[in-house]
Amino acid sequence: MKYLNAKAILPQAVLEQLQQYAEGQVLYVPMRPQNRKLWGEVKGTKPANKSQDFLAGF
């Protein structure tokens, strides 16, 4: 995760309003729910059916 300077990306009015709540703090801005990826989607590491793969070993 990359840190960005709010002064460089936010309009001045938004920055001033944000400073009323968290001046000098580091904030995490979460992604919107419709833009989130499920676990394993980005790198393709999630097996198709993990529970069946596990039970097949017994």
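Buried residues make up just 5% of the 58 residues in this chain. Keep in mind that you are looking at a predicted model. The chain holds three helices and zero strands, and a pocket of about 640 Å³ is the largest one found in it.

**Surface**
- The chain has an accessible surface of about 6200 Å².
- Carbon and sulfur atoms account for 56% of that accessible surface.

**Helices**
- If you follow the sequence from start to end, the pattern reads α-α-α.
- Helix 1 covers residues 6-9, and helix 2 covers residues 12-22.
- Helix 3 takes in residues 50-56.

**The largest pocket**
- About 640 Å³ of space lies in this pocket.
- Its lining has 21 residues, and the closest to the pocket's centre are Leu4, Ala6, Leu18, Leu27 and Val29.
- Helix 1 and helix 2 each supply at least two residues of the lining.
- Helix 2 gives the most to the lining, contributing five residues.
- By type, the lining residues divide into 14 nonpolar, four polar and three charged.

**How confident is the prediction?**
- The average pLDDT of the chain is 82, and 76% of the residues score at least 70.
- Confidence is highest in helix 2, with a mean of 96.
- Confidence is lowest in helix 3, where the mean is 66.
- So when you look back at the structure, note that helix 2 has the highest confidence in the chain and also gives the most to the lining of the largest pocket.

Conventions. Residues numbered from 1 in each chain as written. Predicted model: local features only at pLDDT ≥ 70, side-chain atom pairs only at ≥ 80, totals over all residues. Heavy atoms only, no water. Helix = DSSP H or I, 4+ residues; strand = E, 2+ residues; numbered from the N terminus. Buried < 20%, exposed > 50% of the residue type's maximum accessible area, 1.4 Å probe, protein only. Areas by Shrake-Rupley, 256 points an atom, 1.4 Å probe, with all protein chains shown as cover. 1 Å grid on protein atoms, 1.4 Å probe; cavity = no way out; pocket = protein on both sides within 12 Å on 5 of 7 lines; lining within 4 Å. Points joined across faces, edges and corners; volume = space filled by probe spheres on them. Nonpolar A, V, L, I, M, F, W, Y, C, P; charged D, E, K, R; others polar. pLDDT = per-residue confidence, 0-100.
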